[in-house]
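Grab a pencil and work through these exercises with the structure open beside you. Try each task before you read its solution.

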Amino acid sequence: MESVSALMKGMESISVLMEALDLSSDPKEFFDGSIKVFEEFMDLFKDKGQAEVASIAQAELESFKSTMLDIAVTGETGAGKSSFINALRGLTAEDDGAAPTGVTEMTTEPTVYPYPNHPNVRLWDLPGIGAPDFKPKTYLRQVNFKRYDFFVIIASERFKCNHVALAWEIERMGKRFYFVRSKVDEDLCNEERDHPRTFSQESVLERLRMDCRKHLQKIGMSNPEIFLLSSCEFTKYDAPGLVKALQDDLQGLQRLAFLLSLPNLSAEIIEEKKAALQKLIWLISLASALVNVIPIPRLSVACDISILLGSMIAFYKHFGLDEGSLANLARQTGKPIAELKAVIRSPEAKEIRGDVVIKMLLKEEKGLPRLTANLPVLGPMLTVGISFLTTYFMLLSFLDKVAEDAERVRKTALKEDEKKRK
């Protein structure tokens, strides 16, 4: 959307000025810097009215909320499609809403599995492709090919003609696919058992990768990229590389939706989530300042508490700090949920209410000069600017805290997980 692009470009110059603002600096310095921000802020409205800018910000936020992403997972019976889907969603087979797993084919028709906190991002478990009469064109018609944004093709042993034939048909129809070789933990375990003196994990993984590539090349794929992974140990092997490849091949709001739906598999993912949400804070702050500026009792500012409240709760979910996500993580790692919660320093998601937000605003304002006291006249646009600045700093500070909490929870869970593997 051209109007959104122009709006965000205008915000870039404001961003530079805001990065230079220091809440702990001399009040006069902070005030002078803030005035520069307000001047740039009001420049946004030279060609567009307040209502139009508000409409642009709201429309972009609504676009994000309504963005759909559909990922198809296919492969032969027993390849581990359902286990892969559960691992990518941060669930085990026994968690509520998990895809059923078993030694026989569990999927007879396309079955959808939304991410627990992000229902617009959906993984589809497709029927197995191992039947003797399998035909790619018929299969893709049967599973409603057009529905999916890209495909993950899984094999637990060798890739066969069926896998390549399906990949060719997907590529012919203009969509992306990814080859995944599953259950590598079993291969490593078998190899170590059979060759304990010469076993080398790196050598075995490279041999598996070369074997997959050789068989795919033999049946027609020129330069296939293969990801080795284990759904039981999803943070290891090539899973981070697969997640990055999926992100890199997505664009715009779909990429953002996928990133925010991911479990906290690594410190890098947490940092990427934080960076992505920092950009969204601009639009949230604009919406809060322009759509419904509400005076806050005992504060020298105005903003929309409901927008702040909704954003904070959403941040908790994006970082897996809500009750359901923490319960799932506790079950997966064998760590008592109380120990995971013990490292969280921000209020629990269920405790975030309007009065709590006001208390947090009061706390933040102790380090924030009371700008209105320094201004002789508050025009409407300057009031909007102050509201924008307040919401922005409030959400930015909160984002930092929940991102730090998410990393502490991840490390706490990981320590227990490592003990279980030893």
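**Exercise 1. Is cysteine 232 buried or exposed, and what about cysteine 212?**

Step 1: get the cut-offs straight. Buried means under 20% relative accessible area, exposed means over 50%, and partly exposed is in between (1.4 Å probe, protein chains only).
Step 2: look up cysteine 232. Its relative accessibility is 70%, so it counts as exposed.
Step 3: do the same for cysteine 212. That residue has a relative accessible area of 3%, so it is buried.

Before you go on, a word on the source: this is a predicted model, where local features need pLDDT of at least 70 and side-chain atom pairs count only at pLDDT 80 or more, while totals for chains, interfaces and linings use all residues. Residues are numbered from 1 along each chain as its sequence is written, and side-chain values use heavy atoms, with hydrogens and water left out.

**Exercise 2. How many disulfides does the count come to?**

Step 1: recall the chemistry. A disulfide is a covalent bond between the sulfur atoms of two cysteines.
Step 2: apply the rule, which asks for a pair of cysteine sulfur atoms within 2.5 Å.
Step 3: write down the result, which is 0 disulfides.

**Exercise 3. Where is leucine 188 found, and which residues is it in contact with?**

Step 1: find the element. Leucine 188 is part of helix 7, residues 184-194. Helices here are DSSP runs (H or I, at least four residues), strands are runs of E (at least two), and both are numbered from the N terminus.
Step 2: check the burial. Leucine 188 has 5% relative accessibility, so it counts as buried.
Step 3: list the contacts (heavy atoms within 4.5 Å). Skipping neighbours within four places in sequence, leucine 188 meets Phe199, Gln201, Val204, Leu205 and Tyr237.
Step 4: pick one partner, phenylalanine 199. It sits 11 residues from leucine 188 along the chain, and their C-alpha atoms are 8.8 Å apart.

**Exercise 4. Which loop does aspartate 238 lie in, and what does it touch?**

Step 1: place the residue. Aspartate 238 is in the loop between strand 6 (226-228) and helix 9 (239-249).
Step 2: check the area. With a relative accessible area of 17%, aspartate 238 is buried.
Step 3: name the partners. Leaving out residues up to four places away in sequence, aspartate 238 touches Arg209, Ile226, Phe227 and Leu228.

**Exercise 5. Which residues are buried in helix 13, and what follows this helix?**

Step 1: go to residues 323-333. Leu326, Asn328, Ala330 and Thr333 are buried there.
Step 2: move past the end of helix 13. Next comes glycine 334, with a positive phi near 75°.
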